[in-house]
Amino acid sequence: MKLYSTRRNSPVVSFREALFTGQAPDGGLYIPCELPTMTPESLAAFTDKPYKEMAHYILQQIVGDEFGSGGLQTVIDRAYSFAPAISTLSENLAVLELFHGPTLSFKDFGAQFMAKAMGYFLQNEDREITILVATSGDTGSAVAHAYHKVQGIRIVLLYPSGKVSLTQEMQFTSLGDNITALEVDGTFDDCQALVKAAFRDRELRQRARLSSANSINIGRLIPQSLYYFWGAAKLKAMHGVDPLICVPSGNFGNICAGMLANRMGAPAARFIAAVNANAAISEYVQTGEYKPRPSVRTLSNAMDVGRPSNWERIVDMFDNDYDKIVERMWSTSVSDKATVAAMKRIYNQFSYVADPHTCVGLEAVRRYRQNQAPQQPPALTLSTAHPGKFHEIVEKTLGITVELPQALQECLKRKKQAQSMANDFDQFKELLWELT
Ligand SMILES: *Cc1c(COP(=O)(O)O)cnc(C)c1O
């Protein structure tokens, strides 16, 4: 597989190289030069088979050339002990639940494949690499769990003290082994600045063999395209038409993976990008003007992104053409008030408990039908997190008790292992020096 940079100022690279570098040297994002296409018949054959079989069939055609014999199967087996599930709410509304992985959000699908693929490529090397991650919550837990005990890789995770939820914190501080958590006396932006400074430090970069694992890595997007094939093919088999696909979006990585899947033959009538009060993209769709700005805090906090970094990829995929983008994608901004109202409505109407991010999506589908086209095809809304992960707001809104999934309960019983650190680069450098 070959990939180019959106800025067109870096050499074309292999999947393996894009996986370890993350961002292209020219500051752009990697996009596949060519994509295989799956026929409707070949996809239909997988609707009754386990998720992993379909995943292998598709991945083999995208990146198979870069894995030795049996290698891709090994990576998939190590990554996926879980699968997506579909909940049917009504005749024309279904939810694709992507929260059955170890940290209860869809990010497990991308992080697990990326981690196990890196581990596979490094298996015959004797030097360890160090991956630096700044996190404000969900990314950190998915990445920490995915890389836990992967040979040849050390994870150093920086998070802002007192600014992540207890469950999130316990998910990435209680693992130990090759996962080091640094609790920084500062903000998320400070954590990101420390990581960037480390990458600029040549001495450190060489000694620690630094790498990254953030959401712009193509190694996360490609595995995230697989569940679109799986969910959309199932819905198409039920209804005979291409479904609407609604994606609760923040950094726009997930929906970008959906658009890649659609190019490769995954059925989709149109995409709905559901956003919260961080409305840069819904405004773009309505006005044609893109005005990124600082993020604001909402109940669906994993989508609090004012300047979505994957937007550059989507713009490139549609030749920077507004008409082509809006032909494939509609968008609406859902306030916290409307999110809470949707949570109640969905619970009353369908007895379904959805987390705040999923509610932003379900509200967007309701608006699309109301404003745009009441007779539209069945909709598949991606559910990006388990309601137990946001149980405080769900319990307060619905007046019910949400049982925490087993994985969460167990992690809350473990011991927090984090090192406190000032917002100070010299201290950070010293720490990394000792670790590596
Ligand atoms: C990360 C995240 C999102 C946003 O996904 P993007 O790929 O950044 O658009 C939505 N919901 C949850 C629960 C998340 O963790």
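Mentor: A polar contact is a pair of N or O atoms within 3.5 Å. Keep in mind that this is a predicted model.

Trainee: How far does a polar side-chain atom of Lys107 lie from an oxygen atom of the ligand?

Mentor: Apply the 3.5 Å cut-off for N or O pairs. The Lys107 atom is a polar side-chain atom, and its partner is a ligand oxygen. Their separation is 2.5 Å.

Trainee: Which residues place a backbone N or O atom by an oxygen atom of the ligand?

Mentor: Take the two backbone contacts in turn. One has a separation of 2.8 Å from a ligand oxygen, and the residue is Gly250. The other has a separation of 2.9 Å, and its residue is Phe252.

Trainee: How much of the ligand does the protein bury?

Mentor: Start with the ligand taken alone. It exposes 380 Å² in that state. The share buried by the protein is 95%.

Trainee: How do the residues of the shell around the ligand divide?

Mentor: The ligand is surrounded by 15 residues. Among the closest are Lys107, Asp138 and Thr384. By class, the shell holds two charged, six nonpolar and seven polar residues.

Trainee: Now the helices. Are α5 and α10 parallel or oblique to each other?

Mentor: Helix α5 covers residues 107-121, and helix α10 covers residues 218-239. Their axes are 8 Å apart, at an angle of about 130 degrees. An angle between 115 and 145 degrees falls outside the parallel, perpendicular and antiparallel ranges. The two helices are therefore oblique.

Trainee: Does α4 pass α5 in a left-handed or a right-handed crossing?

Mentor: Helix α4 spans residues 71-79. Its axis and that of α5 come within 9 Å and cross at roughly 135 degrees. That makes α4 oblique to α5. The crossing is right-handed.

Definitions and conventions:
Residues numbered from 1 in each chain as written. Predicted model: local features only at pLDDT ≥ 70, side-chain atom pairs only at ≥ 80, totals over all residues. Heavy atoms only, no water. Near = heavy atom within 4 Å. Polar contact = N/O pair within 3.5 Å; in protein donor to acceptor, adjacent residues only side chain to side chain. Areas by Shrake-Rupley, 256 points an atom, 1.4 Å probe, with all protein chains shown as cover. Nonpolar A, V, L, I, M, F, W, Y, C, P; charged D, E, K, R; others polar. Axes fitted to C-alpha atoms, helices over the stretch in contact; angles between N-to-C directions. Helix = DSSP H or I, 4+ residues; strand = E, 2+ residues; numbered from the N terminus. Parallel < 35°, antiparallel > 145°, perpendicular 65-115°, else oblique. Left-handed = near helix turned anticlockwise from the far one by under 90°.
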